[in-house]
2 protein chains.
Amino acid sequence: MRVTIHDVARTAGVSVATASRALNHKGEIGPDKRARVLAAAQTLGYAPSSMARALVSGRSRILGVLINNNASPVYAELLRGIEDAANAAGFTLLFSNSADSQEQALHCLATLQSMHVDGLLLTPVQTDRRDIELLQRSSLPFMLLLRHFPDLEADYVIVDNVAGGYLVTSHLLELGHRRIGHLAGPAHTSTAQGRLTGYRQALAERGAPFDQGLLTHADYTIAGGYEGARRLLERSDRPTALFAATDLQAVGVLKAARELGLRIPEDLALAGGDDIELAEFLEVPLTTFRQPAREIGMRGAEILMARLRVGSQALQQVVLKPKLIVRRSSGCRRTFS
Amino acid sequence: MRVTIHDVARTAGVSVATASRALNHKGEIGPDKRARVLAAAQTLGYAPSSMARALVSGRSRILGVLINNNASPVYAELLRGIEDAANAAGFTLLFSNSADSQEQALHCLATLQSMHVDGLLLTPVQTDRRDIELLQRSSLPFMLLLRHFPDLEADYVIVDNVAGGYLVTSHLLELGHRRIGHLAGPAHTSTAQGRLTGYRQALAERGAPFDQGLLTHADYTIAGGYEGARRLLERSDRPTALFAATDLQAVGVLKAARELGLRIPEDLALAGGDDIELAEFLEVPLTTFRQPAREIGMRGAEILMARLRVGSQALQQVVLKPKLIVRRSSGCRRTFS
DNA sequence: CAGATTTCCGGAAACGTTTGCGGCGCAAAC
DNA sequence: GTTTGCGCCGCAAACGTTTCCGGAAATCTG
């Protein structure tokens, strides 16, 4: 069966305590015994049981990850960043998926807790706060990624969604557009709220009217973008430009526009958000703003692990700056009567 | 601190043994005590420690996942499928990333072992076989995904890469092309080998010559595809059609073609492999063959978990059929002199 | 009513570690 | 020659479960 520290101790002719000390380079130990233990461990192929270790030490060196698996490339990038940082620090990742359902999220949280994770990285569902209330009661260190609660005393790493929405909308306004629609994300998410706020700020700042009829909410998917675009573009007074909250939704807009015979950017200027890797290579290269998902994952994991090392410390709320990426989909400067 | 089964037992006024039986619905137990235990567990918010449970039972209900994180959408889809199946069966996922390095993979394997995973799903690196030799020695049930070793007695779920390459190449041949280049993947991977074999089979079957000069290997990335395409397309006798092993590489071809002033499909017919979600929405919608990554993940996880339940059983080697997806990038039928 | 069976429950061992505590031998100090 | 100190090591408890085994009470059998 499994080779334990007892086997190592026996073949080395020492006690388990000595074997443990030799393997962990802890405590005083004679050089000959240390060598014998290490040799025995080597030949037997001994691998310590992290579960047993976790049980007695109280630390598992496992980080829980709970994301709402939008199959979006953004989450893949995010995961990648988390993975890099965790691996570098010798942590392993326990992976769960809330599928954007609070019930599912609560279930996952219970599982992660029972696995004795040392800390947790999550993108909250945000339909309600039962998940974070649970976390706060359990005093498990956690870190919010991508989404946050403005009034919550919790660590987070996000991009400045307001600035992102503002950048993109300002860009469209500068190109001469006055009727700019917004295809927003699910209303309960802080990302959707932020980008919408930025959109309205830009409109207000340049004296463009905000038209409720040019705003619609949709899922963060291609299908969601498609349906939202149909709603917005089939109106008689359709907008001349459209800001989709995410690139994935913008892809749905591309599809809808094709079906409606609208050329992009000639008949409809389009911009998205996130700057996924493929945004540059779409049917029409996409103007967007960059959300550095990988960096968000890395920073989040690093901060969380730092908190685990030193115990409690000041609140860490990181807001990364977005960057405007101009491509063809937003078109050239024009004047509208 | 953490609420244990001892706390539950104490507040319920029973022994730990009884508490355990009540919570697991095992063994005979009086209805009143059962009720008291369940009530106590409820009010205390008791969550059993899976680590302690794993330690004594020998089963952790954790599946290890080791993929070589091509940031490719294919791996995201694969992970998604694994996740769905595992979640449905009450398993949790421990996630690792070999980054296509055998050294890193070996390190990850050691970690996963020490975490007492019940089984392992992996996409092997394939530069050598140290990883699977290690696995075979350790008698940990494992399942190969996407990539396989033809001569190895191990479970796997893959798509028929030979058929995929054959389908795509045949399609290009039917369109009239005679000089079809192939941008293959890393030579050590079974996916690259399979798709290349299918390509050669199709050529041979229709009497088209195989030209070593029209073949090049590149990484499974956009950058890899770009570099490979530059090599192939800057020749004086460049091919009229190009089969890129993966869609991601095909995107790189798109970029190279744009730079070289080649129109697709007029100047160069293009096809890829995998059928990623965005293939339909690229600059030129991509002809490709479908590798059902999500299904591969699901099937793999299900088969592995079945093996864990019933113990040893017959070898499970699943080969899914690919499907040709024709879009604009391969162009229309033509004749070449 | 004595014995046999069943039902229910608690004690304790086991899983594989880490670590506090105490013991042993040996050298230095008095 | 007896103490003191120290370096080295082993015993055993602890972490939170599950489960085997045995005991006590309750029920049944003859």
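This short presentation covers the contact between chains A and B and the protein surface near DNA strand C. Please keep in mind that the model is predicted.

I begin with the two protein chains. At their interface, 34 residues of chain B are in contact with 33 residues of chain A. Which elements of chain B give two or more residues to the side that touches chain A? They are α4 (50–57), α5 (73–88), β2 (92–97), α6 (102–114) and α11 (247–260). The largest share of that side comes from β2(B), with six residues. By class, the side of chain B that touches chain A comprises 19 nonpolar, 11 polar and four charged residues.

Strand β2(B) deserves a further word. Strand β2 of chain A, residues 92–97, is joined to β2(B) by three bridges, and the two strands run antiparallel. Within this pairing, L94(A) has L94(B) as its bridge partner.

I turn now to the DNA. Around DNA strand C there are 28 residues, of which I5(A), A17(A), S20(A), T18(B) and G30(B) come nearest. Both protein chains are therefore named in that list, and the elements can be given as well. At least two residues of the surface near DNA strand C are supplied by each of α2 (16–24) and α4 (50–57) of chain A, and likewise by each of α2 (16–24) and α4 of chain B. Which element gives the most to this surface? That is α2(A), with six residues. As for composition, the surface near DNA strand C divides into 14 nonpolar, eight polar and six charged residues.

To close, I return to α4 of chain B: this helix gives two or more residues to the side that touches chain A, and it supplies at least two residues of the surface near DNA strand C.

Methods. Residues numbered from 1 in each chain as written. Chains lettered and ligands numbered in written order. Predicted model: local features only at pLDDT ≥ 70, side-chain atom pairs only at ≥ 80, totals over all residues. Contact = placed C-beta atoms within 7 Å. Helix = DSSP H or I, 4+ residues; strand = E, 2+ residues; numbered from the N terminus. Nonpolar A, V, L, I, M, F, W, Y, C, P; charged D, E, K, R; others polar. Pairing = 2+ DSSP bridges. Near = placed C-beta within 6 Å.
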